[in-house]
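Here are some notes for a first look at this one. Keep the viewer open and hop between the points as you like.

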Amino acid sequence: MAKVLIIGGGIAGYCAALAARRNRADVTVVARAPGATALYAGGMEIVDDLDAVLKTPHHPVARLGMDAVGLAAEMDAAMSALQLALGKEGLSFQGSWRKRGLYSDIHGLARPANVVPDSVAPGELGALSGKRVAIIGVPQVGDYDAASTAQALKELHGIEAFAEEVSIDDLPQAAALTDLYGRRAPAPRARGAAIAYPPGFTNLPPDGFEMLASPPSPHGWRLQQAIGLGAVSAEITSFETSRGRISAARAGNRVFHADSFVLATGRHIGGGLRAGRVTVEPLLGLGVFRDGVPATSLGTRLHHLEYLDPAEEMRLGLMTDKRLRPLDEDGNAPYSNLYAAGAVLGGYDYGGPCGFGVPILTGWLAGQYASKP
C-alpha cells in the first residue's frame with residue numbers, strides 16, 4: 001500500500017485525497033490553515049470552454065497532454081467523487097461541470113456557476129422567471145438591504161421580486177450577515193412565492209433558497225468544514241530529500257514519511273507562493289513561472305506589468321510535466337515522487353471560469369499519480 005502525504009487543506013488537496021484513497025493508498029492530509037477555498041461565495045465555476053482552455057498553452061489543464069475526451073472523462077469522475085464525498089459530510093451539491101447557471105447574490109447581481117449547494121440551486125435565475133420572489137431582509141442587519149436587492153432583480157433580470165422584512169429581536173446591536181449563521185430561517189408572511197434568504201440560516205422552508213454572498217460567507221465556512229475533516233493541523237517547513245526523491249516532510253518536531261507527496265499549498269493565502277522582489281516557492285525552491293518564463297528572468301518587466309495590472313502577480317505559479325510533477329527553472333522535474341495541484345500551479349485566473357475546475361481536476365489526477373508512483 002502506497003503512503004501519500006498531501007500538503008494543503010483546500011479543494012485540491014481534498015480531491016487528491018479522494019483519488020488516492022480510491023486507489024487504496026494510505027493518505028495523510030496536513031493543513032496549515034484554511035486556504036482560498038474557504039472564501040468562495042457559494043457557486044463553483046468549474047470550466048467554461050474546455051476546447052478554448054486546451055488552446056492556451058500555459059494553462060495547467062493544457063499542460064496535462066490530454067485531449068478533450070480524456071479530460072472530460074476525468075472531470076466526470078472527479079466531480080462524481082467530490083459530490084458524493086461532500087454529500088456524505090452533509091453538504092450536498094447540484095449541477096454539472098457541463099452546464100452553467102446564473103444565481104443571484106445578496107445585491108441582486110447574477111453570478112455564473114456550474115455546481116451549487118442544494119440550498120442555492122432553486123434560486124437559478126432562469127427557474128425564477130415568472131415567479132414572485134420574496135427577498136427576506138432583517139432590519140437589524142446593516143450590511144444588506146433587501147429592498148435594493150429586490151429592485152436590482154427587477155431591473156437587471158426581470159424577476160418579480162419584493163422585499164419582506166423579518167425582525168429577529170435577539171440579534172446583537174449593529175448586527176452583520178455573519179450573525180445570522182446557524183439560526184433557524186424565519187417564516188415570512190408571503191405565500192405562493194419563492195423565498196430568497198441571505199446565506200447562513202438553517203431549516204429553510206420547501207420554497208426557500210439561499211443567495212450567494214461575498215466572503216466571509218457561510219457557504220465558504222460550510223465547504224471548508226466539510227473538506228477539512230480528518231486533516232492534521234500542522235505547518236510543513238522542510239523536506240528530507242535524497243537522489244531526486246523526497247522521503248519525509250517536517251513540521252516542527254513531527255516527521256511525516258511517505259512514498260509520494262502532493263503539494264496543494266495554494267498561492268499567497270495558503271502559503272504556496274511567497275511574494276517579494278521575486279515571487280518564490282518557499283518549501284523546495286521550485287521554479288515559479290509566468291507564461292512559461294521563469295519569474296526570476298523577468299526582472300523589472302514583471303514589476304512594470306504588476307503596476308499596470310496587479311492581477312499579474314496572481315498569474316504566476318509552478319509549471320509541471322504531464323504527470324503534474326513540478327519543474328525547476330531549467331524545465332526539469334527535480335523530484336520523481338512529488339506532484340503539485342491547485343492554485344499553486346498558476347497560469348489561470350482562479351477567480352474566473354476555471355476557478356474550481358483546475359483544483360478539482362489537477363487534485364484528482366495528482367492523487368492518482370501519487371498513489372501509483
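The points below go through sheets, helices and a few single residues.

1. Before anything else: this is a predicted model. Please read the points with that in mind.

2. Start with the parallel sheet. Its four strands come in the order S8-S7-S9-S10, and the sheet is open, with parallel pairing. S8 (160-165) and S10 sit at the edges with a single partner strand each, so one side of each has no neighbour in the sheet. From one strand to the next, the twist averages 30°.

3. Now go to the middle of that sheet order, where S7 (residues 132-137) meets S9 (residues 194-197). Three bridges hold this pair together in the parallel sense. For a landmark, find valine 133, which has alanine 194 of S9 opposite it. There is a helix to look at here too: H5 (residues 146-157) lies across S7 and S8 and runs at about 175° to S8.

4. At the S10 edge, have a look at glutamate 210, which belongs to that strand (residues 208-210). Is this residue buried or exposed? Its relative accessible area is 2%, so glutamate 210 counts as buried, the cut-off being under 20%. Its side chain makes a polar contact of 2.6 Å with the side chain of serine 119. A polar atom of the glutamate 210 side chain also lies 2.8 Å from the backbone nitrogen of glycine 200. Leaving out residues up to four places away in sequence, glutamate 210 touches several others, among them Val120, Tyr197, Phe201, His219 and Arg222.

5. The second sheet is antiparallel. It is an open one of three strands, in the order S12-S13-S14. The edges are S12 (238-242) and S14 (254-257), each of which pairs on one side only. Here the twist averages 25° from one strand to the next. S12 and S13 (residues 245-251) run antiparallel and are joined by five bridges, and threonine 241 stands opposite isoleucine 246 of S13.

6. While you are there, check the loop between S12 and S13, where arginine 243 is found. Its phi is near 50°, which is a positive value in a residue other than glycine. Arginine 243 is exposed, at a relative accessible area of 85%.

7. A similar note applies to aspartate 291, in the loop between S16 (289-290) and S17 (293-294). The phi of aspartate 291 is near 50°, again a positive value in a residue other than glycine. With 49% relative accessibility, aspartate 291 is classed as partly exposed.

8. One more hairpin deserves a stop. Strands S4 (residues 101-104) and S5 (residues 110-113) run antiparallel and are linked by four bridges. Serine 104 has alanine 110 in S5 as its bridge partner. Five residues lie between the strands, and in this hairpin glycine 108 has a positive phi near 85°.

9. On to the helices, beginning with H8 (residues 357-371). Its 15 residues reach 21 Å from the first C-alpha to the last, close to the 21 Å expected at 1.5 Å a residue. How many of the residues of H8 are buried? The count is 15 of 15, and H8 is described as mostly covered.

10. H8 packs against H3 (residues 68-88) at an angle of about 95°, and the two axes are 9 Å apart. The two helices are therefore roughly perpendicular to each other. Residues making the contact include Leu71, Met75 and Ala78 of H3, and Ile360, Trp364 and Leu365 of H8.

11. H3 has another helix to pack with: H1 (residues 11-22) meets H3 at about 100°, with axes 10 Å apart. This pair is therefore also roughly perpendicular. From H1, Ile11, Tyr14, Cys15 and Leu18 come together with Ala81, Leu82, Ala85 and Leu86 of H3.

12. To finish, zoom in on glutamate 74, which sits in H3. At a relative accessible area of 21%, glutamate 74 is partly exposed. Setting aside residues up to four places away in sequence, glutamate 74 touches Met66, Leu361, Trp364, Leu365 and Gln368. For a sense of the chain path, compare glutamate 74 with alanine 341: they are 267 residues apart in sequence and 15 Å apart in space, C-alpha to C-alpha.

Technical notes
Residues are numbered from 1 along each chain as its sequence is written. This is a predicted model: local features need pLDDT of at least 70, side-chain atom pairs count only at pLDDT 80 or more; totals for chains, interfaces and linings use all residues. Side-chain values use heavy atoms; hydrogens and water are left out. Buried means under 20% relative accessible area, exposed over 50%, partly exposed in between (1.4 Å probe, protein chains only). A polar contact is a pair of N or O atoms within 3.5 Å; within protein, one must be able to donate a hydrogen and the other to accept it, and residues adjacent in sequence count only if both atoms are side-chain atoms. Contact means heavy atoms within 4.5 Å. Two strands pair if DSSP finds at least two bridges between them. Axes are lines fitted to C-alpha atoms, for helices over the stretch in contact, and angles run from 0 to 180 degrees between N-to-C directions. The expected span of a helix is 1.5 Å times one less than its number of residues. Angles under 35 degrees count as roughly parallel, over 145 as roughly antiparallel, 65 to 115 as roughly perpendicular and the rest as oblique.
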